Amino acid sequence: MRIELATVPGAPERPNEDWASVALPASGQGGTLVVLDGVTPPKGDDGCVHGVPWFTARLGGALVELSVSRRDLTLTEILAEAIRRTADTHRGTCDLSHVRTPQATVVMARWGAAADAVEHLVLSDSTLLLESPGGRVRAVLDDRIDRLPRESLLTHASADALRNAEGGFYTAAADPGVAVRAVTGSTPRAEVRAVAALTDGASRWVDMFAEGGWTECLALLRKEGPQGLIDRVRALEESAKERTAVIRWKLHDDAAAVFAEL
């Protein structure tokens with residue numbers, strides 16, 4: 001089994017709000033990966049004294065521990081319990097009802113022995129890739145935010161109205177009930193050769209710069225590793241900066257990528 005991961009902050013002076021981990025049970029059978037993209041709030045009150053990196057570390061740690069130790073729980077149940085645990089750790093000090101309370105996108109995959117399945121869960125706009133033994137790559141996406149009218153996300157107030165709301169988009173914040181909104185499924189273990197998870201800072205290679213499709217992206221991960229993909233994204237961002245007088249997006253975003261060849 002080959003596993004590689006990398007995560008890089010968008011700016012050296014700011015903490016990295018992405019979080020990535022892989023765990024292999026002591027039994028030697030299977031494994032799990034978790035990738036989170038912490039949602040950067042606008043400046044101002046978000047009701048929490050801790051911050052997004054604290055939140056992603058707590059939530060990510062709970063997700064990994066539960067997905068390895070509680071094989072009897074589905075990934076949906078694990079996400080709900082991890083959100084509940086994390087909320088309980090700062091319920092007494094923070095306003096968890098605040099629409100901008102720390103939150104994150106979630107990608108999870110869990111696999112067992114050869115006869116088992118590869119389970120997956122995606123919530124919000126990070127990406128999971130599943131590669132078949134024949135090289136076919138399937139992207140698992142939660143595209144609700146992409147289906148919203150662009151003008152509805154132009155201001156913080158308009159985006160807040162759609163955040164974790166019916167008809168809008170969902171992230172892992174303080175409500176365990178959001179777990180049932182995730183995109184989930186399973187694939188026979190024999191039909192998966194490799195899995196990869198990307199936050200949107202890494203998936204820009206495909207969905208912003210159109211350097212290739214998801215098949216080419218996974219091939220790049222296999223050849224150059226997650227750090228190689230992120231390095232290529234950074235080079236493309238710098239090139240765009242030089243060619244464009246006005247940058248209409250965040251120049252560099254936190255980026256995380258995990259590649260696991262099963």
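**Group meeting talk: salt bridges, a sheet and its cores**

Okay, let me start with one contact: the side chains of R91 and D88 meet in a salt bridge, at 2.8 Å from N to O. By salt bridge I mean a side-chain nitrogen of Lys or Arg within 4 Å of a carboxyl oxygen of Asp or Glu. R91 is partly exposed, with 46% relative accessibility, and D88 is partly exposed too, at 47%. For those words, buried is under 20% relative accessible area, exposed is over 50%, and partly exposed is in between, with a 1.4 Å probe and protein chains only.

Quick housekeeping. This is a predicted model, so local features need pLDDT of at least 70 and side-chain atom pairs count only at pLDDT 80 or more, while totals for chains, interfaces and linings use all residues. Residues are numbered from 1 along each chain as its sequence is written, and side-chain values use heavy atoms, with hydrogens and water left out.

Now the sheet. Helices and strands here are DSSP runs numbered from the N terminus: H or I over at least four residues for a helix, E over at least two for a strand. Strands pair if DSSP finds at least two bridges between them. Angles run from 0 to 180 degrees between N-to-C directions, using lines fitted to C-alpha atoms, for helices over the stretch in contact. And contact is heavy atoms within 4.5 Å.

So, what is the strand order? Going across, we get β2-β3-β4-β5-β8, an open sheet of five strands with antiparallel pairing. At the edges sit β2 (18–23) and β8 (183–188), each pairing on one side only. On average, neighbouring strands in this sheet are turned by 10° against each other, direction ignored.

Let's walk in from the β2 edge. β2 pairs with β3, residues 31–38, in the antiparallel sense over six bridges. If you want to find the register on screen, W19 stands opposite L36 in β3. Then there's helix α1, residues 52–69, which packs on the sheet and touches β2, β3 and β4 (104–111). The direction of α1 makes about 160° with that of β3. Helix α2, residues 75–90, also packs on the sheet, touching β4, β5 (117–123) and β8, and its direction makes about 45° with that of β5.

Stay on β3 a moment. A23 has T32 in β3 as its bridge partner. On to β4: β3 and β4 pair in the antiparallel sense over eight bridges, and D37 has T105 in β4 as its bridge partner. How many of the eight residues of β3 are buried? Eight of the eight, so β3 is largely enclosed by the rest of the structure. Both faces are covered, with G31, L33, V35 and D37 buried on one side and T32, V34, L36 and G38 buried on the other.

Which brings me to the cores. A nonpolar core is a set of buried Ala, Val, Leu, Ile, Met, Phe, Trp, Tyr and Cys residues joined through side-chain atoms within 4.5 Å. The largest one has 28 residues, and those touching the most other members are L36, L59, L63, L79, V106, M108 and L123. At least two residues each come from β2, β3, α1, α2, β4 and β5. The largest share is from α1, with seven residues. Take L59: leaving out residues up to four places away in sequence, L59 touches L36, A82, I83, T86 and A172. There's also a second, separate core of 23 residues, with A196, F209, L229 and A240 among them.

Cysteines, briefly. A disulfide needs a pair of cysteine sulfur atoms within 2.5 Å, and by this rule the count is zero. Why no bond for C94? Because the closest cysteine sulfur, in C48, is 3.6 Å from the sulfur of C94, too far for a bond. C94 is buried at 9% relative accessibility, and C217 is buried at 0%.

Back to salt bridges: the count is 20. One of them joins the side chains of E65 and R85, at 2.9 Å from N to O. E65 lies in α1 and R85 in α2, so this pair ties together parts that are 20 residues apart in sequence. E65 is partly exposed at 37% relative accessibility, and R85 is partly exposed at 37%.

Last pair: E237 and R234, with closest N and O atoms 3.2 Å apart. They sit three residues apart in helix α5 (residues 214–243), so about one helical turn separates them. Are E237 and R234 buried or exposed? Both are buried. Finally, R2, E4, E131, R193, R222 and E261 are joined into one network by salt bridges that share partners.
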